[in-house]
Amino acid sequence: MTDLNKEDATALKDMKSFEKWRKSLQYITGLGMTEQEKNEFKKKLDQELEEYQCKTCEVWKENLIKNSPPVRFMIDEMRKINKEVTKDDFACVPCDATRAGGFSPEGIILCQNRLPTKGMQETTMVHEMVHLYDNTKFKVDWTDLKHQACSEIRASSLSGDCKWTREVRRGFFTFTKQHQACVKRRAILSVEQNPNCHSKEEAERAVLSVFDSCFADTRPFDEIY
């Protein structure tokens, strides 16, 4: 009886897999499905994808907190300035196409649908933790464009976000001062999104006015990671 139940369960699982494959094929080809069925199936696929991305983000988050040297380093450095950081400080959520993560004094956002690799999630976590470090140690006024610019410069420079290999994948390639150029570009893009910033030119002025001093400040790292 037990063996029969196992066989029935396996057969049922195979039938469900086949049915999902059949509907996927119908959805792709547009054959044999009404518009309502297409919309319902797409909604189901989107929901399954979102659940998968969230689960992956959560698993990577816990693993990186335990095993990633730069993430562990930042957690230890935060503890030195009386700020305990746990997995609950990171929220995995879907985001639009403009970002991979975000920071506010209330916590850190990890954009589960914008982090296709564990390495990218590691970089994003370190990037946002630099913002957290700055906010805790220096009391950043995030409405002040120069304050934000300084933290964006430091986060882009210290997190590994501007590594040469990553810049090449983005389509930016130069042999001289590529790291500095990347940091400036990404800091300007971030400052542009500040509600108090009214133009790209204003963001550029804020970044350039503090670039040298903020780029040279590698705290809590001894050097650029």
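Colleague: Which residue forms a disulfide with Cys150?
Modeller: In this predicted model, the sulfur atom of Cys150 has a partner 2.0 Å away. A pair of cysteine sulfur atoms within 2.5 Å counts as a disulfide. The partner of Cys150 is Cys214.

Colleague: How many residues apart in sequence are the parts that the pair Cys150 and Cys214 ties together?
Modeller: The two sulfur atoms of Cys150 and Cys214 are 2.0 Å apart. Cys150 lies in helix H5 (residues 145-158) and Cys214 in helix H8 (residues 200-216), so the disulfide ties together parts whose separation in sequence is 64 residues.

Colleague: Is the disulfide of Cys150 and Cys214 left-handed or right-handed?
Modeller: The handedness follows from the torsion about the S-S bond of Cys150 and Cys214. That torsion is about -110°, so the disulfide is left-handed.

Colleague: Which of the two, Cys150 or Cys214, counts as buried?
Modeller: Buried means under 20% relative accessible area. Cys150, at 21%, is partly exposed. At 5% relative accessibility, the buried one is Cys214.

Colleague: Where in the chain does the partner of Cys57 lie?
Modeller: Cys57 is joined by a disulfide to Cys92, with an S to S distance of 2.1 Å. The pair links distant parts of the chain, 35 residues apart: Cys57 is in helix H2 (residues 35-67), and Cys92 is in strand S1 (residues 90-93).

Colleague: Are Cys57 and Cys92 buried or exposed?
Modeller: The cut-off for buried is a relative accessible area under 20%. Cys57 has 2%, and Cys92 has 10%. Because each value falls under the cut-off, Cys57 and Cys92 are buried.

Colleague: What is the torsion about the S-S bond of Cys162 and Cys182?
Modeller: Cys162 and Cys182 form a disulfide with their sulfur atoms 2.0 Å apart. Cys162 lies in the loop between H5 and helix H6 (164-170) and Cys182 in helix H7 (residues 178-192), so this pair ties together parts 20 residues apart in sequence. Both cysteines are buried. The disulfide is left-handed because its torsion is about -75°.

Colleague: How far from Cys54 is the nearest cysteine sulfur?
Modeller: The whole structure holds four disulfides. With the bonded cysteines numbered in sequence order, their pairing is 1-2, 3-4, 5-8, 6-7. Cys54 is in no disulfide, and the nearest cysteine sulfur, which belongs to Cys92, lies at a distance of 5.7 Å.

Colleague: Does Cys54 count as buried, partly exposed or exposed?
Modeller: Partly exposed residues fall between the buried class, under 20%, and the exposed class, over 50%. Cys54 has a relative accessibility of 27%, so Cys54 counts as partly exposed.

Colleague: Which residues are the closest to the centre of the largest pocket?
Modeller: The largest pocket has a volume of about 1000 Å³. Of the 34 residues that line this pocket, the closest to the centre are Thr98, Arg99, Ala100, Gly101 and Ser190.

Colleague: Which element gives the largest share of the lining of the largest pocket?
Modeller: The volume of the pocket is about 1000 Å³. Strand S2 (101-104), helix H4 (118-138), H5, H6 and H7 are the elements that give two or more residues to the lining. The largest share is six residues, and they come from H4.

Colleague: How many residues of the lining of the largest pocket are polar?
Modeller: The lining divides into three classes, of which nine residues are nonpolar and nine are charged. The number of polar residues is 16.

Colleague: Which residues are linked with Arg79 in a network of salt bridges?
Modeller: The side chain of Arg79 meets that of Asp76 at 3.1 Å, N to O, and that of Glu84 at 3.2 Å. Arg79 and Asp76 are three residues apart in helix H3 (residues 69-80), and therefore about one helical turn separates them. Arg79 is partly exposed at 37%, as are Asp76 at 32% and Glu84 at 48%. The network links Arg79 with Arg72, Asp76 and Glu84.

Colleague: Which residue meets Asp217 in a salt bridge?
Modeller: The search of the whole structure finds ten salt bridges. Asp217 is buried, with a relative accessible area of 19%, whereas the partner, at 39%, is partly exposed. The N to O distance is 2.8 Å, and the partner of Asp217 is Arg219.

Terms used: Residues are numbered from 1 along each chain as its sequence is written. This is a predicted model: local features need pLDDT of at least 70, side-chain atom pairs count only at pLDDT 80 or more; totals for chains, interfaces and linings use all residues. Side-chain values use heavy atoms; hydrogens and water are left out. Helices (H or I, at least four residues) and strands (E, at least two) are DSSP runs, numbered from the N terminus. Buried means under 20% relative accessible area, exposed over 50%, partly exposed in between (1.4 Å probe, protein chains only). On a 1 Å grid over the protein atoms alone, a cavity is a set of points where a 1.4 Å probe fits but cannot get out, and a pocket is an open set with protein on both sides within 12 Å along at least five of seven lines; lining residues have an atom within 4 Å of a point. Grid points are joined across faces, edges and corners, and a volume is the space filled by probe spheres set on the points. Ala, Val, Leu, Ile, Met, Phe, Trp, Tyr, Cys and Pro count as nonpolar, Asp, Glu, Lys and Arg as charged, and the others, Gly among them, as polar. A salt bridge is a side-chain nitrogen of Lys or Arg within 4 Å of a carboxyl oxygen of Asp or Glu.
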